[in-house]
Amino acid sequence: MKKVKRKNTEAPFAYDGLDRVIHEHARLSVLTSLVTHTQGLTFGELKQLCALTDGNLSRHLQVLEEAGLITLFKGVEHNRPLTLCRITAQGRRRYIEYLSVLERVLIDADAAVKGASTAQSSEKPAPA
């Protein structure tokens, strides 16, 4: 496992690497879907996998495309418009970096919960 560097040692729980573009739950769903489908997914497939409306998905795809995380290919298939979405190399890299920071959040939270549990179990109840 790769060590995540912390940029700000005075604010260890700031998690600067939680990329705001990716962190929004719908965009995280879209990127996760695209990472697991390397050949890409159509607009309709993404809509179904992520449970988003047409307008919602369109807006999130626009944000991801502007950030360089995905590419959109528009065409026609059987006389119907077709949009194919694929994650870019930069998108894959930023997604993996995001997951590394998210893993750090989980490790820190787990340590805090275990520390709190240990502290609570070592406390003796006050006499009644």
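In what sense, and over how many bridges, do strands E2 and E3 pair? In this predicted model, the two strands pair in the antiparallel sense, over eight bridges. Two positions illustrate the register of the pairing: Thr 71 stands opposite Arg 86 in E3, and the bridge partner of Lys 74 in E3 is Thr 83. The hairpin that joins E2 and E3 has two residues between the strands, and in this hairpin His 78 takes a positive phi near 55 degrees.

Strand E3 also pairs with E1, again in the antiparallel sense, over two bridges. Here Leu 41 stands opposite Cys 85 in E3. The outcome is an open sheet of three strands in the order E1-E3-E2. E1 and E2 are the edge strands, each pairing on one side only. As a general rule, the side chains of a regular strand alternate between the two faces of the sheet.

Helix H2 spans residues 25-36 and thus has 12 residues. From its first C-alpha to its last, H2 reaches 17 Å, close to the 16 Å expected at 1.5 Å a residue. At the start of the helix, a side-chain oxygen of Glu 24 reaches to within 2.7 Å of the backbone nitrogen of Ala 26. Ala 26 is also one of the buried residues of H2, together with Arg 27, Val 30, Leu 31, Ser 33 and Leu 34. These buried residues cover an arc of only 160 degrees around the axis, and therefore lie on the same side of H2. An α-helix has 3.6 residues a turn, so residues three or four places apart point the same way. The face of H2 turned away from the buried side carries the exposed residues His 25 and Thr 36.

Within H2, Ser 33 may be considered individually. Ser 33 has a relative accessible area of 11% and is therefore buried, since the term applies under 20%. Leaving aside neighbours within four places in sequence, Ser 33 is in contact with Leu 41, Leu 46, Leu 49 and Cys 50.

Two of these contact partners of Ser 33, Leu 46 and Cys 50, are buried in helix H3, as is Phe 43. Seen down the axis of H3, the buried residues fall within an arc of 65 degrees, so they line one face of the helix. The elements that cover these residues include H2, E1, H4 and E3. H3 is followed by Ala 51, which has a positive phi near 55 degrees.

The largest nonpolar core has 20 residues, of which Val 30, Leu 31, Leu 34, Leu 46, Leu 57, Leu 61 and Ile 70 touch the most other members. At least two residues of this core are supplied by each of H2, helix H3 (43-50), helix H4 (54-66), strand E2 (70-77), strand E3 (80-87) and helix H5 (89-122). H2 provides the largest share, four residues. Such a grouping may be read against a general tendency: in soluble globular proteins, nonpolar side chains tend to be buried together.

Ile 70 gives a detailed view of one core member. Not counting residues up to four places away in sequence, Ile 70 touches Leu 31 and Leu 34, as well as Leu 61, Leu 64 and Glu 65. The remaining residues touched by Ile 70 are Arg 86, Ile 87 and Thr 88.

Terms used:
Residues are numbered from 1 along each chain as its sequence is written. This is a predicted model: local features need pLDDT of at least 70, side-chain atom pairs count only at pLDDT 80 or more; totals for chains, interfaces and linings use all residues. Side-chain values use heavy atoms; hydrogens and water are left out. The expected span of a helix is 1.5 Å times one less than its number of residues. Buried means under 20% relative accessible area, exposed over 50%, partly exposed in between (1.4 Å probe, protein chains only). The arc is that of the directions from the helix axis to the C-beta atoms. A polar contact is a pair of N or O atoms within 3.5 Å; within protein, one must be able to donate a hydrogen and the other to accept it, and residues adjacent in sequence count only if both atoms are side-chain atoms. A nonpolar core is a set of buried Ala, Val, Leu, Ile, Met, Phe, Trp, Tyr and Cys residues joined through side-chain atoms within 4.5 Å. Contact means heavy atoms within 4.5 Å. Two strands pair if DSSP finds at least two bridges between them.
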